[in-house]
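Thanks for coming. Please have the sequence and the model open while I talk.

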Amino acid sequence: MPGLRHWQCPPETLNFSPHPQILNLLMAKKKMVVLTGAGISAESGLRTFRDSDGLWEGFDVTEVATPRGWRKDPSLVLEFYNQRRKNVLEASPNAAHHGLAELEKHFDVQIITQNIDDLHERAGSTQVLHLHGEIFKMRSEVNEELVYEIRTDILLGDKAEDGAQLRPHIVWFEEPVPMIEKAAMITARADIFVVVGTSLVVYPAAGLVNFTPHRIPKYIIDKKIPSVSSVHNLTTIEKPATEGVKEFIEMVMGFEV
Ligand code: APR
């Protein structure tokens, strides 16, 4: 049958392998962007900010988390964050942090966290962007490029190499959020967007949801779902983070975990 010859394959082409770029496209994991807040670390024993037993209770936020507070009483600010550092050292990641880390097997997971703790990293997440700084870092009070690791206390008189006082590497109220542009760019490329344990009241972080592509599925997991308006394709899971993340994973994977 002469017509069939066009469809016969020479033996060497039987070992078909797609072009590497096509292979990459076929194998590419979906991009899952997860915005987390204090609520994800609550079950690890780290208190949230705005729940009734919140961290600000007993502390005036303008005294401990603003440049003005730092100028007025740096010792108080250092003491406040030295205590936070101790709390984080004593805490361990919980099932919600671990669940998100496990999802890297199936998704390209990017965590964008407002938290200053390192519980996502300790759970095994490899792509974590800290919007509001990190408790295990300190920097020169005049040069934000001079950043150092710190696991113990920062004391008044501790100097950076430029001779300036060291301060916690934390983004305080009234300070710019340097990572927000990167976070917005990442969010704009999401295939799935998830919010875990944030009251969504602090901007610009709370505005990230507005950068998500309109059509993609979005999830909010929170003990008490915060009010959000006009978010398309939204599923809410009103549960503590450990239970809620488990339920979310079952939803996206399609089986019980
Ligand atoms: N599981 C899930 N969600 C919880 C849990 C829990 N176990 N416990 C509390 N939550 C939720 C609360 O319902 C609330 O929506 O976590 C959220 C905590 O909100 P906030 O205390 O406002 O914390 P966050 O949104 O992270 O704050 C944002 O504000 O103070 C600044 O810079 C600080 O990064 C912080 C930012």
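I start with one definition, since I need it shortly: an angle under 35 degrees counts as roughly parallel, and one over 145 as roughly antiparallel. Keep in mind that this is a predicted model.

Now take helix 5, residues 95-102, and helix 8, residues 241-253. How are two packed helices described? By the angle between their axes and the distance between the axes. For helix 5 and helix 8, the angle is about 25° and the axes are 7 Å apart. Helix 5 and helix 8 are therefore roughly parallel to each other.

Which residues meet there? Helix 5 gives Ala 95, Ala 96, Gly 99 and Leu 100, and these meet Ala 241, Thr 242, Val 245, Lys 246 and Ile 249 of helix 8. By class, this contact has six nonpolar residues, two polar and one charged.

Helix 8 also lies across strand 7, strand 8 and strand 9. With strand 8, residues 218-221, helix 8 makes an angle of about 155°.

That brings us to the sheet. These strands belong to an open sheet of six, in the order 3-2-1-7-8-9, with parallel pairing. At the edges are strand 3, residues 128-130, and strand 9, residues 234-237, each of which pairs on one side only. From one strand to the next, the twist averages 15°.

Inside this sheet, look at strand 1, residues 31-36, and strand 7, residues 192-196, which run parallel and are joined by five bridges. One residue to find is Thr 36, whose bridge partner in strand 7 is Val 196.

Next, the other sheet. It is an open sheet of three strands in the order 5-4-6, and the pairing is antiparallel. Its edge strands are strand 5, residues 147-149, and strand 6, residues 166-170. Here neighbouring strands are turned by 45° against each other on average, direction ignored. Four bridges join strand 4, residues 133-140, to strand 6. Ser 140 stands opposite Leu 166 in strand 6. Helix 4, residues 74-90, packs on this sheet and touches strand 4 and strand 6.

Last, the ligand. Which residues come nearest? Of the 23 residues around the ligand, they are Gly 37, Gly 39, Gln 114, Thr 198 and Ser 199. The shell has eight nonpolar, nine polar and six charged residues. Where does the ligand lie? Domain 1 and domain 2 both give residues to the shell, so the ligand lies between them.

Conventions. Residues are numbered from 1 along each chain as its sequence is written. This is a predicted model: local features need pLDDT of at least 70, side-chain atom pairs count only at pLDDT 80 or more; totals for chains, interfaces and linings use all residues. Two strands pair if DSSP finds at least two bridges between them. Helices (H or I, at least four residues) and strands (E, at least two) are DSSP runs, numbered from the N terminus. Axes are lines fitted to C-alpha atoms, for helices over the stretch in contact, and angles run from 0 to 180 degrees between N-to-C directions. Two residues are in contact if their C-beta atoms, placed from the backbone, lie within 7 Å. Angles under 35 degrees count as roughly parallel, over 145 as roughly antiparallel, 65 to 115 as roughly perpendicular and the rest as oblique. Ala, Val, Leu, Ile, Met, Phe, Trp, Tyr, Cys and Pro count as nonpolar, Asp, Glu, Lys and Arg as charged, and the others, Gly among them, as polar. A residue is near a molecule or strand if its C-beta atom, placed from the backbone, lies within 6 Å of it. Domain bounds come from an automatic or database domain assignment.
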